[in-house]
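Reader: Hi! I am new to reading structures and would love a close look at one part of this one. Could you take me through it step by step?

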Amino acid sequence: MLEYIISKYNYWVYIFLMMLGLYGMIGKRNLVKKLIGMNIFQVAIILFYISIGSKVGGDIPILTAEDLHGMADPGKYLNPIPHVLMLTAIVVGIATTGVALAIIIMIYNRYKTLAEDEILEIRKETGV
Amino acid sequence: MRYEQCIVLIVTVPLITSFLVVLLGWFKRWLCYPLVLAALGVSFLCSLGILDLVMERGTIHYWQGGWEPPWGIEYVVDHLNAFMLVMLTFIGLMVAIYSKKSIEREIPEKLVPYYSIFLLMVTGLIGITVTGDLFNVFVFLEIASLTAYALIAVGEDGAPMAAFNYVIMGTVGACFYYLGIGYVYIVTGSLNMADLSQLLPALYHNKAVLVGFALFTVGIAVKMGLFPLHVWLPDAYTYAPSATSAVIAPLFTKVMAYLMVRIFFTLFKPHFSIDLIPITQILTWVAAGGIIAGSILAIAQTDLKRMLAYSSIANIGYIVLGIGLANRMGLTGGLLHILNHAFMKGTLFLVAGGIMYKMGMRDITQFRGLHKKMPFTMAAFTIAALSMIGIPPTGGFFSKFYLVLGAIDARQWAFIVVLLASSLLNAVYFFRVIENIYLEPPVTAYATDGGTHEEIKRDELPLSMLVPILIMAAGVVLLGIFNERIIAFIIRFAVPASF
């Protein structure tokens, strides 16, 4: 059992981080903390992708002169595609964070607080 | 050769124009509006060309940069995305025409970025529809979502908070989606949809594939606002600027419904989604709950835009019910309802924006006597409302009709009851609005006592707002009249052959 857990530790780590992020988004009442939770959530998935692309003893996927003469052995190299995909996903994550931070600034200018409870109270009083 | 390039132009023209809008709008603000119209006009013409080509030749492929499918990114258009594309670009164009006055009134200082982001969002939605690569879908999905967050956030007082909740929920949805891609990728090593549909049948009992499928389903359900996961939707639609709600409400959730059909019946074969795991059965019950809950919540609202938002939740339920019934009639009804609902909800939100523009109010109890003030707009509202209820010859009747036929085919009598009951509930909340508009005595008649009954002067919307509303309302009726042709020439081919 222990070996089973250890042999797949990358998946346990990513699931733990994902749940941590999910808790941050649901459980925390501060908007910035929610945003941090969201970031942890995204990064957990990025870690998952990177871990599936790597292998023990793998090398950087760049063909050398010797590889070109014979057949290149795919077993020697890491899988580049998950890593490339994650470049895009990281950019998307940054963009999302940027948009969310801009919205948080708008919220702060309007309500002068970032605690969700206080915002809800202000909204209830003003009717919007 | 004729229209082959259209399939790329339909994405790149609005994409590049959205940057041009910022550059040129910096110097000349009036240039933004014609540029947006031109870009969406070109896209619309391209989509018509693509539809023509698809109807003639069947599925068309375009390999980006000449790389063959399993390695390169491929754009694929078959009957299903062809009609989605025409719908997307047409409604995008109509809302763009409409947006000029309402944006100038609501957010005058943010005109240039608004138009740029508006165009980028339509680009993202077109991209989701046209691409044949799973990860590419995610990228376009994020383009569309990020721009949608921004478009909503510039709205009224409550808008930033609504947009923030949408950011959190939307990101969770998108993350589940691309986690799903990861699980499918582990076992197949491919991202191309056509390639995957060949590789996956041998792996249907693999746990990773099952997990991937579950993650896809949940992710898309969050993004489309399916009933228990809809909490971001009402606030976002209510507080957004009127042009934004008029473009997001009809298009965004519909594109997600399209993606659901793609994943259930193209990426995975119908055999998997229907027989091996009972996902379609589960979805029908979820959808039925959404239909009833959405309709009842809509009755409880007095704010017109919020009412329309809850009615959207119910209508997403109809589409998912059509997908979940998983027979020819049901899916036909679901796909037809994507089209019909886009037109009717578009019209209704455009009218709601028009009332906001003229009167600055959304509370339906204050609509008294509006039929004298804005007769054409109210006529358009009535047509769309009748279509929502499902009264022939409007489009809404026919999609509900096919859904009922589908429920009969599937021997699911409970859903017929749900469909009919929800039509009655629709009638309750739409007739309440129509009654307020047409039958209740106008407020001014009470205010002026002593017999000086002031006549309400006719005060229509400006032409640039009125014309799109009327075209969309005409579209609702035309879709109803020509529903048989639409099904015979387009939707019939979009339904999987094994049904």
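How much area do chain B and chain A bury between them, and what percentage of it is on carbon and sulfur atoms?

Author: Happy to help! Please keep in mind that this is a predicted model. Chain B and chain A bury about 3000 Å² between them, and 78% of that area is on carbon and sulfur atoms. Area is a good place to begin, since the size of an interface is often given as the accessible area lost when the parts come together.

Next, let's count residues. On one side, 31 residues of chain B take part, and they are in contact with 36 residues of chain A. Some polar links cross the interface as well: five residue pairs, with both partners at pLDDT 80 or more, are in polar contact between chain B and chain A. The rule also finds one salt bridge across this interface. You can look for it at A:Arg110 and B:Asp157, where the closest N and O atoms are 2.3 Å apart.

Which parts of chain B face its partner? Helices α5 (134-153), α6 (159-188) and α9 (233-239) of chain B each supply at least two residues of the side that touches chain A. Of the contributions to this side, that of α6(B) is the most, at 18 residues. Sorted by class, the side of chain B that touches chain A has 24 nonpolar, four polar and three charged residues.

Now a look within chain B, at a pair of helices. Two packed helices are described by the angle between their axes and the distance between the axes. For helix α2 (residues 32-57) and helix α4 (residues 111-130) of chain B, the angle is about 10° and the axes are 10 Å apart. Angles under 35 degrees count as roughly parallel, and therefore α2(B) and α4(B) are roughly parallel to each other. From α2(B), the residues making the contact include B:Tyr33, B:Val36 and B:Leu40, and α4(B) brings residues including B:Tyr115, B:Phe118 and B:Val122. The contact of these two helices has 11 nonpolar residues, one polar residue and no charged ones.

Finally, here are two backbone details to find on your screen. In chain B, a cis peptide bond joins B:Pro392 and B:Pro393, with omega at about 5°. B:Pro393 is found in the loop between α16 (375-389) and α17 (395-409) of chain B. In chain A, go to the loop between α5 (80-111) and α6 (116-126), where A:Lys112 lies. Although A:Lys112 is not a glycine, its phi is positive, at about 60°.

Notes
Residues numbered from 1 in each chain as written. Chains lettered and ligands numbered in written order. Predicted model: local features only at pLDDT ≥ 70, side-chain atom pairs only at ≥ 80, totals over all residues. Heavy atoms only, no water. Axes fitted to C-alpha atoms, helices over the stretch in contact; angles between N-to-C directions. Helix = DSSP H or I, 4+ residues; strand = E, 2+ residues; numbered from the N terminus. Parallel < 35°, antiparallel > 145°, perpendicular 65-115°, else oblique. Contact = heavy atoms within 4.5 Å. Nonpolar A, V, L, I, M, F, W, Y, C, P; charged D, E, K, R; others polar. Buried area = accessible area lost by both parts, 1.4 Å probe. Salt bridge = Lys/Arg side-chain N within 4 Å of Asp/Glu carboxyl O. Polar contact = N/O pair within 3.5 Å; in protein donor to acceptor, adjacent residues only side chain to side chain.
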